[in-house]
Amino acid sequence: MNGTVTVLDKGAVRIHSYMSPADTFHTTTQLVETPARVIAIDAQLLPAYADEAIAYAKGLGKPIDRLIVTHAHPDHYNGAARFGVPVHALAQVREQIIARGDSHLPTGQVIPLSEFTPSVAVIPGTEVIDGVTFVFEAVSGGEAADELLIKLPEQGVLIAQDLVYNDVHLYLGNDDITGWQRAVDALAAESGYDTILAGHGAPTGPEVYQGIRRYLDDARELLGDDGDAYKKAIVDKYPAHVGPFIIDIANRSLFPAGN
């Protein structure tokens, strides 16, 4: 296996956090193992890494019930078809995925839109799945235009996905630092959640919020009108963070003139 899996035992629920290697900036697929099934959350950029997560999930001996896609970035939905189950997402996330169209991988492979278009709308609110309480919340602004936040209140688990990165450079291509700071402040105000699942990086705790706030503050100060200069400055500031090329991807949106 090229990726790694962190297992968290939460009584009736076990969380298996599959993290891809650094070449796809430690993107995570969360596998929530309930008593009789597995709920998969996010589907990886490269189908090969989705296959690894699926093979691991099948080894648990329980059927994958559904795949939930939290937001409209290809590193979280490209591998959706590999799961072979209904794809769930917020209605607005579905529309954003459709608007992006076919996905073009760095390898030259094209994944057709039909392979990852969500078919089931997630309605914000509470749903009991296999006896486990899931709370679904829609968050607007930040790392993406819209994101799905998932809470397991009885287990103290908050599945933040790309609202939280853990020791990985942040993708700022949505150009909404203020919205991201607002979202992180709201998460930090939540009580009763000692386990935070990041969209990039290993599972962590509430202490991660301080680091994200600091990074966003630094990014706001360092961003100018030169993408190369910004990348050098932020990498120098956070040399231990992985995925510096995620900055290049974001800079295509932040600096469309080619800086």
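Author: Happy to walk through this predicted model with you. One term to start with: helices and strands here are DSSP runs, with at least four residues for a helix and at least two for a strand, numbered from the N terminus.

Reader: Thanks! Where is the place of aspartate 167?

Author: Look at the stretch that follows β13 (157–165) and precedes α4 (177–188). Aspartate 167 sits in the loop between β13 and α4.

Reader: Leaving aside its neighbours within four places in sequence, which residues is aspartate 167 in contact with?

Author: Contact here means heavy atoms within 4.5 Å. With the neighbours within four places in sequence set aside, the contacts of aspartate 167 are Ala240, His241 and Val242.

Reader: Which strands stand at the edges of the open sheet?

Author: The sheet has 7 strands in the order β1-β2-β3-β4-β5-β6-β9, with mixed pairing. Two of them have a single partner strand each, so one side of each is left without a neighbour in the sheet. Those edge strands are β1 (4–10) and β9 (120–121).

Reader: And which residue in β5 does isoleucine 39 stand opposite?

Author: Strands β4 (residues 38–41) and β5 (residues 64–68) pair in the parallel sense over 4 bridges. Across from isoleucine 39, in β5, stands arginine 66.

Reader: Which element gives the largest share of the lining of the largest pocket?

Author: That pocket holds about 620 Å³ of space and is lined by 23 residues, with Leu45, Pro74, Arg100, Ile249 and Arg252 nearest its centre. Two or more lining residues come from each of β7 (103–104), β13 and α7 (245–254). The largest share is 5 residues, and the element giving them is α7.

Conventions. Residues numbered from 1 in each chain as written. Predicted model: local features only at pLDDT ≥ 70, side-chain atom pairs only at ≥ 80, totals over all residues. Heavy atoms only, no water. Pairing = 2+ DSSP bridges. 1 Å grid on protein atoms, 1.4 Å probe; cavity = no way out; pocket = protein on both sides within 12 Å on 5 of 7 lines; lining within 4 Å. Points joined across faces, edges and corners; volume = space filled by probe spheres on them.
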